Amino acid sequence: MVQLTDYVEFEGIKVYYTKELDGGGAAFGQDYIDFIRRNFPPQERIFEWCSGPGFIGFSLLAHGLCKTLCLADINPLAIQACSKTVRLNSLESKVTLYLSDNLKKIPSSEKWSLVVGNPPHFSRVCTKKRSPEIIFLDKDWALHRRFYKDVGKYLEQDGTLLIQENSLRSSVESFREMIELNGLSIVDTPICKLDPRYYYIRAVRSE
Ligand SMILES: C[S@@+](CC[C@H](N)C(=O)[O-])C[C@H]1O[C@@H](n2cnc3c(N)ncnc32)[C@H](O)[C@@H]1O
């Protein structure tokens, strides 16, 4: 049984995690706070795709940038960590968690005004990587492709996708076709100010 005693605190919310679950959300992922504060009004409901321990989502909630939060990840330990964060911060009325391979287990009743995420950023195996494959590998972008195919049904009519990517491992052209084939259009691809190796893909409905 993993103890999950480590935590990082955002504006009074303690977010529990282990080193193996950390994909950078507590570091460059915190760029979302300033970006969303400057570019969006407070959101009704934010979804964090590939949430891991929910560093990004819980921090957005703690900073008052959304009313409620939805988190999903395929790793049971990540959802166990999120559960502990919810319980110890009394967030049951504001946060919903799903243990889900991509969006497979998300009910169609879910509706999101903003979707954020720091998904795996490598499309092929990198032997130099020390973190587990589940953190960094999205083989041939299959996870991204499926996400962009399915996410539209959960997005509010005027909702936005804002996904963090790694410019050393992809460019907007890696994802353009899978986004545009699914009724979405790319608005822009701003740089992450906290760490310029990362960028966002911002997309909305095209019709
Ligand atoms: C780069 S890590 C990001 C973790 C965390 N959001 C952060 O910012 O530190 C990628 C996350 O994607 C999750 N993941 C990988 N494959 C997935 C899948 N098929 N469905 C859902 N989540 C997946 C991993 O478990 C991991 O938590």
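# Briefing: strand S7, two helices, core and ligand shell

Asp158 lies in strand S7, which runs over residues 155-166. The model described here is predicted. The points below take up Asp158, helices H3 and H5, the nonpolar core and the ligand shell.

**Asp158**
- Asp158 counts as exposed because it has 8 C-beta neighbours inside 10 Å, and the cut-off for exposed is 12 or fewer.
- Arg205 is 47 residues from Asp158 in sequence, yet the C-alpha to C-alpha separation of Asp158 and Arg205 is 7.4 Å.

**Helix H3**
- Helix H3 takes in residues 76-88, 13 residues in total. From first C-alpha to last, H3 reaches 18 Å, close to the 18 Å expected at 1.5 Å a residue.
- The residues Ala78, Ile79, Ala81, Cys82, Thr85 and Val86 of H3 are buried. These buried residues cover an arc of only 155 degrees around the axis, so they sit on the same side of H3.
- Pro76 and Arg87, on the other side of H3, are exposed.
- The cover over the buried residues of H3 includes two strands that flank it in sequence terms as S4 (66-73) and S5 (95-99), along with strand S2 (13-17) and helix H2 (55-62).
- Ser90, just after H3, has a positive phi of about 50 degrees.

**Helix H5**
- Within helix H5 (residues 142-150), the residues His144, Phe147 and Tyr148 are buried. Their arc around the axis is only 90 degrees, which puts them on the same side of H5.
- Strand S3 (43-49), helix H6 (172-180) and strand S8 (184-188) are among the elements that cover the buried residues of H5.

**Nonpolar core**
- In soluble globular proteins, nonpolar side chains tend to be buried together.
- The largest nonpolar core has 46 residues. The members that touch the most other members are Ile46, Leu60, Trp112, Val115, Val116, Leu161 and Leu162.
- Leaving aside residues up to four places away in sequence, Ile46 touches Gly57, Leu60, Cys66, Leu69, Trp112, Leu114 and Val116.

**Ligand shell**
- There are 22 residues around the ligand, and Gly23, Gly25, Cys50, Gly52 and Ile74 come nearest.
- Sorted by class, the shell holds 10 nonpolar, 9 polar and 3 charged residues.
- Helices H2 and H4 (133-136) each supply at least two residues of this shell. Helix H2 is also among the elements that cover the buried residues of H3.

Terms used:
Residues are numbered from 1 along each chain as its sequence is written. This is a predicted model: local features need pLDDT of at least 70, side-chain atom pairs count only at pLDDT 80 or more; totals for chains, interfaces and linings use all residues. Helices (H or I, at least four residues) and strands (E, at least two) are DSSP runs, numbered from the N terminus. The expected span of a helix is 1.5 Å times one less than its number of residues. A residue is buried if 20 or more other C-beta atoms lie within 10 Å of its own, exposed if 12 or fewer, and partly exposed in between; C-beta atoms are placed from the backbone. The arc is that of the directions from the helix axis to the C-beta atoms. Two residues are in contact if their C-beta atoms, placed from the backbone, lie within 7 Å. A residue is near a molecule or strand if its C-beta atom, placed from the backbone, lies within 6 Å of it. Ala, Val, Leu, Ile, Met, Phe, Trp, Tyr, Cys and Pro count as nonpolar, Asp, Glu, Lys and Arg as charged, and the others, Gly among them, as polar. A nonpolar core is a set of buried Ala, Val, Leu, Ile, Met, Phe, Trp, Tyr and Cys residues joined through C-beta atoms within 7 Å.
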